[in-house]
Amino acid sequence: MPAHRSKTPQLEDGYTKLADELLEALCRAHLSGREMAVMLALIRMTYGWQKKKDRIAASQIAKLTAIPR
């Protein structure tokens with residue numbers, strides 16, 4: 001029988017450490033759903049890889065958010 005992944009998200013599968021100050025700023029921001037998706041993608045692609053900054057192509061954001069380029 002093949003091993004199946006857990007159906008619930010687990011920290012052991014990866015996580016993104018985020019500063020409270022940034023998370024609180026996102027909570028106060030009045031972003032549309034798409035804008036929030038892009039912000040979360042940017043956070044994932046920077047903080048998620050322990051980078052303070054990075055060059056991220058629009059195609060990468062489109063792939064992660066499922067928003068057409």
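Let us start at a single residue: Gln-50 sits in the loop between H2 and H3. The model you are looking at is a predicted one. Gln-50 has a relative accessibility of 69%, and because exposed means over 50%, this residue counts as exposed. Its backbone deserves a look too. Most residues other than glycine have a negative phi. Gln-50, however, has a phi near 55°, which is a positive value in a residue other than glycine.

Gln-50 has a counterpart further along the chain. Ala-66 lies in the segment after H3, and its phi is near 60°, again a positive value in a residue other than glycine. Ala-66 is exposed as well, with a relative accessible area of 66%.

Now step back and take in the whole chain. How many helices and strands does the chain have? There are three helices and zero strands, and reading along the sequence gives the pattern α-α-α. The C-alpha trace spans about 45 × 30 × 25 Å along its principal axes. For a compact globule of 69 residues, the radius of gyration would be near 11 Å, but this chain has 14 Å.

The surface and the contacts add to that picture. Of the 69 residues, 14% count as buried. The chain exposes about 6,400 Å², and carbon and sulfur atoms supply 57% of that area. If you take the contacts between residues at least 6 apart in sequence, 38% of them join residues at least 24 apart.

With the overview in place, let us look at how two of the helices meet. Two packed helices are described by the angle between their axes and the distance between the axes. Helix H2 covers residues 33-46 and helix H3 covers residues 58-65; they pack at an angle of about 110°, with their axes 10 Å apart. Angles of 65 to 115 degrees count as roughly perpendicular, and H2 and H3 are therefore roughly perpendicular to each other. Which residues make the contact? On the H2 side they are Ala-37, Val-38, Ala-41, Leu-42, Arg-44 and Met-45, and on the H3 side they are Gln-60, Ile-61, Leu-64 and Thr-65. Sorted by kind, the residues of this contact are seven nonpolar, two polar and one charged.

Next, follow the chain from helix H2 into the loop beyond. Thr-46 belongs to helix H2. Is Thr-46 buried or exposed? Its relative accessibility is 11%, and because buried means under 20%, Thr-46 counts as buried. Leaving aside residues up to four places away in sequence, Thr-46 touches Lys-51, Lys-53, Asp-54 and Ile-56.

The last of those partners, Ile-56, is itself in the loop between H2 and H3. What does Ile-56 touch, not counting residues up to four places away in sequence? The answer is Leu-42, Met-45, Thr-46 and Ile-61. Three of these names may be familiar, since Leu-42 and Met-45 of H2 and Ile-61 of H3 also take part in the contact between the two helices. You can also use Ile-56 to gauge a distance across the model: Ile-56 and Asp-13 are 43 residues apart in sequence and 23 Å apart in space, C-alpha to C-alpha.

Finally, move back toward the beginning of the chain. Leu-18 is in the segment before helix H1, which covers residues 20-28. With a relative accessible area of 25%, Leu-18 is partly exposed. Not counting residues up to four places away in sequence, Leu-18 touches Leu-23, Ile-43 and Tyr-47. Its C-alpha atom is separated by 24 Å from that of Ser-59, and these two residues are 41 residues apart along the chain.

A little further on you reach Leu-22, which is in helix H1. Leu-22 is partly exposed too, with a relative accessible area of 24%. Which residues does Leu-22 touch, not counting residues up to four places away in sequence? They are Ile-43 and Tyr-47, and both are also touched by Leu-18. Ile-43 falls within the 33-46 range of helix H2. Our last distance leads back to Ala-66: Leu-22 and Ala-66 are 44 residues apart in sequence and 24 Å apart in space, C-alpha to C-alpha.

Note on methods: Residues numbered from 1 in each chain as written. Predicted model: local features only at pLDDT ≥ 70, side-chain atom pairs only at ≥ 80, totals over all residues. Heavy atoms only, no water. Axes fitted to C-alpha atoms, helices over the stretch in contact; angles between N-to-C directions. Helix = DSSP H or I, 4+ residues; strand = E, 2+ residues; numbered from the N terminus. Parallel < 35°, antiparallel > 145°, perpendicular 65-115°, else oblique. Contact = heavy atoms within 4.5 Å. Nonpolar A, V, L, I, M, F, W, Y, C, P; charged D, E, K, R; others polar. Rg over C-alpha atoms; globule rule 2.2 N^0.38 Å. Buried < 20%, exposed > 50% of the residue type's maximum accessible area, 1.4 Å probe, protein only. Areas by Shrake-Rupley, 256 points an atom, 1.4 Å probe, with all protein chains shown as cover.
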